[in-house]
Amino acid sequence: MTGRPLITKAKNTWCPGCGNFTIQHTLKNVLAEMEQEGQSLDKVVLVSGIGCHAKIADYLNINSFYSIHGRTIPVATGIKLANPGLTVICCAGDGDCYAEGLDHLLFAAKRNIDITVIVHDNRVYGLTTGQYTPTSPRGFKGKSTPLGTEETPLNPIELMLAGGATYVARGYSKKMDLLRAQIRESIAHKGFAFIDVLQICATFFPAADYYSPRVYEMTGHDRTNFEAACAKAREWDYTSDAPIALGTFYQKASPVFGEGKMAAWKPGAVERERAVQDLLRKRT
Ligand code: SF4
């Protein structure tokens with residue numbers, strides 16, 4: 001399957017100007033590079049959830065699993081544990097994995113399962129035509145909040161740092177080169193890699209005029225310094241006029257879920273372990 005077209009013939013129904021196009025093309029370019037470098041794309045699996053972002057599974061010509069709302073991460077976790085030789089990439093939405101799927105996201109970070117999670121964070125439920133999500137700004141007026149939401153948005157970067165994620169980054173759908181580097185890094189990272197992508201929803205949350213003057217790429221930031229990462233994560237709270245840091249906040253090496261005793265598990269292994277423990281107890 002080398003050299004195959006990476007974009008399918010499925011009709012693309014994203015709105016003109018949607019930031020999902022950038023994420024799709026950036027991911028496609030990364031996959032093409034991986035293939036050119038000799039990596040088989042047959043060993044890559046893309047998992048998506050439910051929402052506008054999820055159509056990426058229809059549009060990219062690789063193995064994919066179009067899962068259900070909020071469940072991208074358990075599906076990806078199962079795939080990775082069943083076949084550790086696969087590169088597993090999750091594309092999820094903010095409504096998808098910061099709401100219904102939040103527990104899965106947190107526990108995947110805590111476990112340090114070796115998957116990459118790219119969140120298309122457009123801060124609105126686009127597919128259902130404009131309801132507020134966990135990252136919508138306070139005061140956001142949508143179908144379900146005509147007077148404006150009174151909730152404070154989540155800060156996913158802070159959340160993932162607290163949850164134990166070992167690679168934490170923020171991208172922007174108008175910064176393709178940076179996003180390409182982040183996706184490459186996150187796939188190469190051994191452990192749970194998370195990228196929150198500020199994705200423009202051209203129809204229900206066209207925020208480019210807000211983001212573009214405020215974003216900057218971090219330079220001189222020590223990504224191995226957890227305290228510095230937390231401070232950077234709190235610089236912008238998803239609501240204020242503060243500058244918005246883009247780049248990798250944090251990265252560290254840590255034991256990966258499924259590569260300890262579980263990796264050696266075979267049918268009967270638990271019984272054998274119990275028999276050994278019984279024997280040792282009897283001897284003492
Ligand atoms: Fe993109 Fe928003 Fe249109 Fe969905 S509704 S396809 S997120 S622009």
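## Salt bridges and ligand surroundings

K80 and D114 are both buried. In this predicted model, the side chains of these residues meet in a salt bridge, with 3.8 Å between N and O. K80 belongs to helix α3 (residues 72-82), whereas D114 sits in the loop between α5 (102-111) and β4 (116-121), so the salt bridge ties together parts that are 34 residues apart in sequence.

Helix α3 contributes further buried residues. Alongside K80, the buried residues of α3 are T72, I73, V75, A76, T77 and I79. These buried residues pack against the strands β1 (44-48), β2 (63-66) and β3 (87-93), and also against α4 (94-100), α5 and β4. Both α5 and β4, the elements that flank the loop of D114, are thus among the packing partners of α3.

The structure holds 13 salt bridges in total. Side chains of opposite charge can pair when their charged atoms come close. The table lists some of these pairs.

| Pair | N to O distance |
|---|---|
| K80 and D114 | 3.8 Å |
| R223 and E185 | 3.2 Å |
| D241 and R214 | 2.9 Å |

R223 forms a salt bridge with E185, their closest N and O atoms lying 3.2 Å apart. This pair links distant parts of the chain: R223 is in the loop between β7 (215-217) and α9 (226-233), and E185 is in helix α7 (residues 176-188), 38 residues apart. Are R223 and E185 buried or exposed? R223 has a relative accessibility of 27%, so this residue counts as partly exposed. E185, at 29% relative accessibility, also counts as partly exposed.

D241 and R214 meet through their side chains in a salt bridge of 2.9 Å. Here too, distant parts of the chain are linked: D241 lies in the loop between α9 and β8 (244-251), R214 in the loop between α8 (208-211) and β7, and 27 residues separate them. D241 is exposed because its relative accessible area is 59%, a value over 50%. R214, by contrast, counts as partly exposed at 21%. Elsewhere, E33, E37, R180 and R184 are joined into one network by salt bridges that share partners.

A separate feature is the ligand site. Which residues surround the ligand? They are W14, C15, C18, N20, C52, N122, G126, Q199, C201, A202, T203 and F204. This shell divides into 7 nonpolar and 5 polar residues, with no charged residue.

Conventions. Residues numbered from 1 in each chain as written. Predicted model: local features only at pLDDT ≥ 70, side-chain atom pairs only at ≥ 80, totals over all residues. Heavy atoms only, no water. Salt bridge = Lys/Arg side-chain N within 4 Å of Asp/Glu carboxyl O. Helix = DSSP H or I, 4+ residues; strand = E, 2+ residues; numbered from the N terminus. Buried < 20%, exposed > 50% of the residue type's maximum accessible area, 1.4 Å probe, protein only. Contact = heavy atoms within 4.5 Å. Near = heavy atom within 4 Å. Nonpolar A, V, L, I, M, F, W, Y, C, P; charged D, E, K, R; others polar.
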